[in-house]
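Work through the exercises below with the structure open. Each task is followed by a solution in steps.

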Amino acid sequence: MSKGSKLLIGVIITTVLIMGACSNQNIVTKDSDEEDTSTESLGSKYGFTIFNLAADTKEMKGMLVVNYEEKRDKTEAVYENKIEDLYLHGDEAMEKLASIFEELELEPDMAEEDLIKKASETFEVMGYTTIKLTIKFKGHDSKALMMSK
């Protein structure tokens, strides 16, 4: 075996090992005792399939970052709160977000200002300079909203 072939095999093995070690930490896993929800339509739990919230304060950019995306094959969740020094991904983020989403009570026909106001109150973000909300309600188009103070 030539030197070039050995090098190529080494590169291929290294690439496979690196790719195999990579995982998406934001994916929410289902418990084994959780019932199969494949018959449940997307967005039926909270009324939306995408919820992204980002808030900046005068002192801190990216003070709060929330990302939730529900797809047929997976759900991804991120909750990062710099003030609380809390950086959660996947199952831990979903655990935190589930209780907040239950309180949220957003409706697709709400005024844009009310959507942002309700989200900021529920996530306890009052002193923001800029807040961005992207939400896709079940059966509706995505809404991208931003408000600055």
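**Exercise 1.** Is Lys71 buried, partly exposed or exposed?

Solution. The model is a predicted one. Step 1: the relative accessible area of Lys71 is 33%. Step 2: buried means under 20% and exposed means over 50%, with partly exposed in between. Step 3: Lys71 is therefore partly exposed.

**Exercise 2.** Find the salt bridges and state how far each of their residues is exposed.

Solution. Step 1: searching the whole structure gives two salt bridges. Side chains of opposite charge can pair when their charged atoms come close. Step 2: one salt bridge joins Glu69 to Lys71, with 4.0 Å between the closest N and O atoms. The cut-off is a side-chain nitrogen within 4 Å of a carboxyl oxygen. Step 3: Glu69 has 31% relative accessibility and counts as partly exposed, and Lys71, at 33%, is partly exposed too. Step 4: another salt bridge joins the side chains of Lys74 and Glu76, at 3.5 Å from N to O. Step 5: Lys74, at 26% relative accessibility, counts as partly exposed, whereas Glu76, at 18%, counts as buried.

**Exercise 3.** Describe the aromatic pair formed by Tyr46 and Tyr68: geometry, location and burial.

Solution. Step 1: the whole structure holds ten aromatic pairs. Step 2: in the pair of Tyr46 and Tyr68, the ring centres are 5.9 Å apart and the planes stand at 85°. Planes over 60 degrees apart count as edge-to-face, so the pair of Tyr46 and Tyr68 is edge-to-face. Step 3: Tyr46 sits in the loop between β1 (27-28) and β2 (48-57), and Tyr68 in strand β3 (residues 64-70). The pair links distant parts of the chain, 22 residues apart. Step 4: Tyr46 is buried, at a relative accessible area of 12%, and Tyr68 is buried at 3%.

**Exercise 4.** Do the same for Phe101 and Phe123, then place both pairs in a cluster.

Solution. Step 1: the ring centres of Phe101 and Phe123 lie 6.5 Å apart with the planes at 75°, so this pair is edge-to-face. Step 2: Phe101 belongs to helix α2 (residues 91-104) and Phe123 to the loop between α3 (112-122) and β6 (128-137), so the pair ties together parts 22 residues apart in sequence. Step 3: both rings belong to buried residues, Phe101 with a relative accessible area of 4% and Phe123 with 6% relative accessibility. Step 4: Tyr46, Phe48, Phe51, Tyr68, Phe101 and Phe123 make up one aromatic cluster.

**Exercise 5.** Where does Thr122 lie, and which residues is Thr122 in contact with beyond its neighbours within four places in sequence?

Solution. Step 1: Thr122 is in helix α3. Step 2: its relative accessible area is 13%, so Thr122 is buried. Step 3: with those neighbours set aside, Thr122 contacts Ile100, Glu103 and Leu104.

**Exercise 6.** What lies over the face of Tyr128?

Solution. Lys149 does, at 4.4 Å from the ring centre.

**Exercise 7.** Summarise the protein as a whole.

Solution. Step 1: the protein has three helices and seven strands. Step 2: of its 149 residues, 31% count as buried. Step 3: among contacts between residues at least 6 apart in sequence, 45% join residues at least 24 apart. Step 4: the exposed area is about 9,800 Å², of which carbon and sulfur atoms supply 52%.

Technical notes:
Residues are numbered from 1 along each chain as its sequence is written. This is a predicted model: local features need pLDDT of at least 70, side-chain atom pairs count only at pLDDT 80 or more; totals for chains, interfaces and linings use all residues. Side-chain values use heavy atoms; hydrogens and water are left out. Rings of Phe, Tyr and Trp (its six-membered ring) pair if their centres lie within 6.5 Å; planes under 30 degrees apart count as stacked, over 60 as edge-to-face and the rest as tilted. Helices (H or I, at least four residues) and strands (E, at least two) are DSSP runs, numbered from the N terminus. Buried means under 20% relative accessible area, exposed over 50%, partly exposed in between (1.4 Å probe, protein chains only). A charge sits over a ring if NZ of Lys or CZ of Arg is within 6 Å of the ring centre and within 35 degrees of the ring normal. Contact means heavy atoms within 4.5 Å. Accessible areas come from the Shrake-Rupley method with a 1.4 Å probe; for residues, only the protein chains shown count as cover.
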